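Opening the notebook on a new model today. Plan: pick one residue, see what surrounds it, then work outwards to the whole chain.

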Amino acid sequence: MTPDIEIDAKGLLCPLPVLRLRKALESAAPGALVQLVATDGASWIDVPHFCAQTGHELVEAEDWEGVKVYLVRKS
């Protein structure tokens, strides 16, 4: 799947990756796919929690040797 929006949050610490994701989703059209790439370990908990709280779909979450890649569909 090709994301509509890509966010590079590598090197940013909590809560910045989720804040960048939230900002991108606010401006995205319903159904848009947003990819977030982060290195903050806390994002592994924060992103799924954010999606559950806001109703957005966490389509995919992968950890590639410390680089977390999330694909989120806007509700």
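**Entry 1: one residue.** I'm working with a predicted model here, not an experimental one. I started at Leu21 and listed its contacts, skipping anything up to four places away in sequence. What does Leu21 touch? I got Ile7, Val34, Leu36, Val47, Phe50 and Val72. Leu21 itself sits in helix α1, which spans residues 16–27.

Next check: is Leu21 buried or exposed? Its relative accessibility comes out at 0%, so Leu21 counts as buried, the cut-off being under 20%.

I also pulled one distance from that contact list. Leu36 is 15 residues away from Leu21 along the sequence, yet their C-alpha atoms are 6.8 Å apart.

**Entry 2: the sheet.** Now the strands. I found an open sheet of 4 strands with mixed pairing, in the order β1-β2-β4-β3. The edges are β1 (5–9) and β3 (57–64), each of which pairs on one side only. From one strand to the next, the twist averages 15 degrees.

Reminder to self: strands in a sheet pair through backbone hydrogen bonds, parallel or antiparallel.

How do β2 and β4 run relative to each other, parallel or antiparallel? Strand β2 (residues 33–38) and strand β4 (residues 67–73) are antiparallel, and I count 6 bridges joining them. For a concrete pair I looked up Val37, and its bridge partner in β4 is Val69.

Then I turned to helix α2, residues 43–54. This helix lies across β2, β3 and β4, and its angle to β4 is about 5 degrees.

**Entry 3: the whole chain.** Zooming out, I tallied 2 helices and 4 strands. Reading from the N terminus, the elements go β-α-β-α-β-β.

Does the radius of gyration point to something compact or extended? I get 11 Å, and a compact globule of 75 residues would be near 11 Å, so the two agree. Along the principal axes, the C-alpha atoms fill a box of roughly 30 × 25 × 15 Å.

Buried residues account for 37% of the 75. The exposed area is about 4400 Å², with carbon and sulfur atoms supplying 54% of it. I also looked at contacts between residues at least 6 apart in sequence: 64% of these join residues at least 24 apart.

**Entry 4: the record.** Last lookup: an unreviewed UniProt entry annotates residues 7–31 as "domain: UPF0033". In the model, that stretch is 48% helix and 12% strand, and its end C-alpha atoms are 17 Å apart.

Notes: Residues are numbered from 1 along each chain as its sequence is written. This is a predicted model: local features need pLDDT of at least 70, side-chain atom pairs count only at pLDDT 80 or more; totals for chains, interfaces and linings use all residues. Side-chain values use heavy atoms; hydrogens and water are left out. Two strands pair if DSSP finds at least two bridges between them. Axes are lines fitted to C-alpha atoms, for helices over the stretch in contact, and angles run from 0 to 180 degrees between N-to-C directions. Contact means heavy atoms within 4.5 Å. The radius of gyration is taken over C-alpha atoms; the globule rule is 2.2 Å times the number of residues to the power 0.38. Buried means under 20% relative accessible area, exposed over 50%, partly exposed in between (1.4 Å probe, protein chains only). Accessible areas come from the Shrake-Rupley method with a 1.4 Å probe; for residues, only the protein chains shown count as cover. UniProt positions are given in the numbering used here, feature names are shortened, and annotations may be inferred rather than shown by experiment.
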